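Colleague: Could you take me through one part of this model at close range? I'd like to start with the sheet and then see what sits around it.

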There are 2 protein chains.
Amino acid sequence: MMRPAFTLTILGLGGSVGTPPEGIAAEVVVVGGFDELDSLGATGVAGKIVLYDVPFTNYGETVAFRAAGPSRAGALGAVAALVRAVGPPGLRLPHTGALRYADGAPQIPAAAVSTEDADRLQRMQDRGTPTRVRLKMEAKFLPDADSFNVVGEIRGREKPDEVVVIGGHFDSWDVGTGSTDDGGGCVVTWEALRLMKKLGLRPRRTVRVVLWTNEENGGRGGLAYRDRYASELASHVMMMESDSGVFRPTGFGFTGTDAGRAKVKDIATLLRGIQADRISAAGDGADIGPSVEAGKMPSMSLDVDGNYFLLHHTPADTVDKIDPMDMSRASAAIAVMTYVIADMPDRLR
Amino acid sequence: MMRPAFTLTILGLGGSVGTPPEGIAAEVVVVGGFDELDSLGATGVAGKIVLYDVPFTNYGETVAFRAAGPSRAGALGAVAALVRAVGPPGLRLPHTGALRYADGAPQIPAAAVSTEDADRLQRMQDRGTPTRVRLKMEAKFLPDADSFNVVGEIRGREKPDEVVVIGGHFDSWDVGTGSTDDGGGCVVTWEALRLMKKLGLRPRRTVRVVLWTNEENGGRGGLAYRDRYASELASHVMMMESDSGVFRPTGFGFTGTDAGRAKVKDIATLLRGIQADRISAAGDGADIGPSVEAGKMPSMSLDVDGNYFLLHHTPADTVDKIDPMDMSRASAAIAVMTYVIADMPDRLR
């Protein structure tokens, strides 16, 4: 075996199969998206390792190559797939995350590479240098195991069946310690409830904190919540998720009626003192999504000012990136917003 | 073997011995410096892995733990040494670099750990949690092999024996591609000479560009230059090194006489247009050091505004960190300063 000219910085993708112990060695073909892949077709791709080198724009747009790219390359005969890290350039930092093998498509090994390495392979291709990569990954998919959502609540003093839900997900990719995605979200929602309890505040309606399990691998905790509480979703008043990291809070996203938005904007004026009073266009979250859709209720999310997509799914997602003062501000903002929604005479619609 | 609770992000140190294939497993003891190590003594250190967790202040101060720490721990019976990355906090980014085993001290394996991991091990110790680390490193030291300094020059038109030297070192740690340490320094000094040639400028004295070999492992290229040119160092006018990365140039460091400094400040006014006209207190470099000491001549270095110590010795030292405009400005600044020193009627003293 030839001595490699350089080593790529990679992280296997969640859900990927692994390689044989000796790895998979093949020529790399770099593509700028699905159109380019399809125009190369099986002739240009079969037997090769496909690298999707698509610079990060926003998560929704770029994550498609991580999620669906391996299957689309595999269907054309590629032997493995690499994906440019779905995030802004870091310091040779790859971003892992889940892929989804399409039914019937060959399951080929897939890994994220750092933006620096993707750029380099692109430059080599542009220059006409054929590049061979040997990919070695020990990935395997274990059978499902039981895990649980963690639920706690302050029962409402007048309308205990009307429920305001706040929470985050307490699983994370194991490459870091999951402080930003989504340890912080769990802590600040839990802390918001604790603040109410500590202050002896018991609102009219129930406030429930939910720490969802297994968001990263298909949102299983969020789906289980929807199913477990199916008959009660009609009396869920609002659900809020914090899953964009805990940096300086700027306010909340809100999805719902115009009247609901006006009410939430009104409540947010209480948060001017900590500059967390902006209400932005959309309030959503991977875990609350299924229940919100089923229950047709308003939904909210904590808005923050920070570089979430640089850190999440990386080895750098560690606790030192979180400022305790930001965390206190976020807890306070969530406590105020949630308490008022749970306690005001009229139900938020 | 127990499943590890987490994996440290490490880089073996240059010159370190490796571990047996199964690794070295031992309890970690975190120390804040040599005083703490010595006060623990053999009783507190023997059989353990010592972690030097000393936050980065400046390179000279902090690098002592990387260079001498392994031997001092080994002398007290430690079985391996870890060193907090010598650099500002990055994104789980360890910094490699050379260690120097002391004569007679046991040669124990040694690695750098990221600041995040050092912080974590420190927190665990502060909390009273005993932490066991298994260190696996394949490091080995190969026999010396030949390598060469690269030398090119424009011979002076009137005083060819008086020489102005500029350069950088063209070896690097192999974890990145060495763009900042010190590919950029080589390119901008070489480019300064090329600019003179392209413009048809032949100064009174010789301008020589030297790309030194093997700086990282003991400055062997710099020592070889001193020895090879020993008899000619008296007619070396000035030596300049660029080894602080190529970011926006701010001017030059200068070490020499007051008269020399006044002259260099005067020349630097030509660089006001690109804001590269500051002359700072000291101009030095690892490669020019031995020759400057032997030849008792003025020395200079390129000053830049950038986060050199974040990038150097890391996997993130890649070409994308360099701004081509900064590189052009640096080449221009070096060309102007060097040309005037080489061409002015009186020799710089």
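Modeller: Here is a walk through the sheet of chain A and its surroundings, with some stops in chain B. Keep in mind that this is a predicted model.

Let's begin with where we are. Chain A splits into domain 1 (10-135) and domain 2 (150-343). The C-alpha centres of the two domains lie 34 Å apart. Where they meet, 12 residues of domain 1 of chain A are in contact with 9 residues of domain 2 of chain A. The domain 1 side of that contact is made up of 5 nonpolar and 7 polar residues, with no charged ones.

Now the sheet. It is an open sheet of 7 strands in chain A, and if you walk across it you pass β7-β9-β8-β10-β13-β11-β12, with mixed pairing. At the edges are β7 (150-154) and β12 (278-280) of chain A, each of which pairs on one side only. From one strand to the next, the twist averages 25 degrees. As background, strands of a sheet pair through backbone hydrogen bonds, either parallel or antiparallel.

Take the β12 edge. Strand β11 (residues 248-255) of chain A runs parallel to β12(A), and 3 bridges join the pair. If you want a spot to click on, try A:Gly253, whose bridge partner in β12(A) is A:Ser280.

Helix α4 (residues 179-198) of chain A packs on this sheet and touches β7, β8 and β9 of chain A. The direction of α4(A) makes about 145 degrees with that of β8(A). There is an oddity to look at here: the peptide bond joining A:Asp181 and A:Asp182 is cis, with omega at about 10 degrees. A:Asp182 is found in helix α4 of chain A. Chain B has a cis peptide bond as well, joining B:Asp181 and B:Asp182, with omega of about 10 degrees. B:Asp182 lies in helix α4 (residues 179-198) of chain B.

Next, helix α5 (residues 220-228) of chain A. Its buried residues are A:Gly221, A:Gly222, A:Tyr225 and A:Arg226. Look down the axis of α5(A) and these buried residues fall within an arc of 140 degrees, so they line one face of the helix. That fits a general rule: an α-helix has 3.6 residues a turn, so residues three or four places apart point the same way. On the other side of α5(A) you'll find A:Asp227 and A:Arg228, which are exposed. What lies over the buried residues of α5(A)? The cover includes β8 (159-169), β9 (205-212) and α7 (289-295) of chain A.

While you're in chain A, have a look at A:His313. Its phi is near 70 degrees, a positive value in a residue other than glycine. A:His313 sits in the loop between α8 (308-311) and α9 (324-343) of chain A. Although in a loop, A:His313 is buried, with 29 other C-beta atoms within 10 Å.

Over in chain B, B:Lys296 has a positive phi too, near 50 degrees, and is likewise a residue other than glycine. You'll find B:Lys296 in the loop between α7 (289-295) and β13 (299-305) of chain B. B:Lys296 counts as exposed, because it has 10 C-beta neighbours inside 10 Å and the cut-off for exposed is 12 or fewer.

For strand pairing in chain B, go to β10 (residues 236-241), which is mostly covered: 6 of its 6 residues are buried. Strand β8 (residues 159-169) of chain B runs parallel to β10(B), joined by 5 bridges. In that pair, B:Val164 has B:Met238 in β10(B) as its bridge partner. β10(B) also pairs with β13(B) in the parallel sense, over 3 bridges. There, the bridge partner of B:Glu241 is B:Ser301 in β13(B).

Another stop in chain B is B:Gly41, in helix α1 (residues 34-45). With 11 C-beta neighbours inside 10 Å, B:Gly41 counts as exposed. The C-alpha atoms of B:Gly41 and B:Ala73 are separated by 9.2 Å, although the two are 32 residues apart along the chain.

Finally, the contact between the chains: 11 residues of chain B are in contact with 11 residues of chain A. On the chain B side, those residues divide into 4 nonpolar, 3 polar and 4 charged.

Definitions and conventions: Residues are numbered from 1 along each chain as its sequence is written. Chains are lettered from A and ligands numbered from 1 in the order in which they are written. This is a predicted model: local features need pLDDT of at least 70, side-chain atom pairs count only at pLDDT 80 or more; totals for chains, interfaces and linings use all residues. A residue is buried if 20 or more other C-beta atoms lie within 10 Å of its own, exposed if 12 or fewer, and partly exposed in between; C-beta atoms are placed from the backbone. Helices (H or I, at least four residues) and strands (E, at least two) are DSSP runs, numbered from the N terminus. The arc is that of the directions from the helix axis to the C-beta atoms. Two residues are in contact if their C-beta atoms, placed from the backbone, lie within 7 Å. Ala, Val, Leu, Ile, Met, Phe, Trp, Tyr, Cys and Pro count as nonpolar, Asp, Glu, Lys and Arg as charged, and the others, Gly among them, as polar. Domain bounds come from an automatic or database domain assignment. Two strands pair if DSSP finds at least two bridges between them. Axes are lines fitted to C-alpha atoms, for helices over the stretch in contact, and angles run from 0 to 180 degrees between N-to-C directions.
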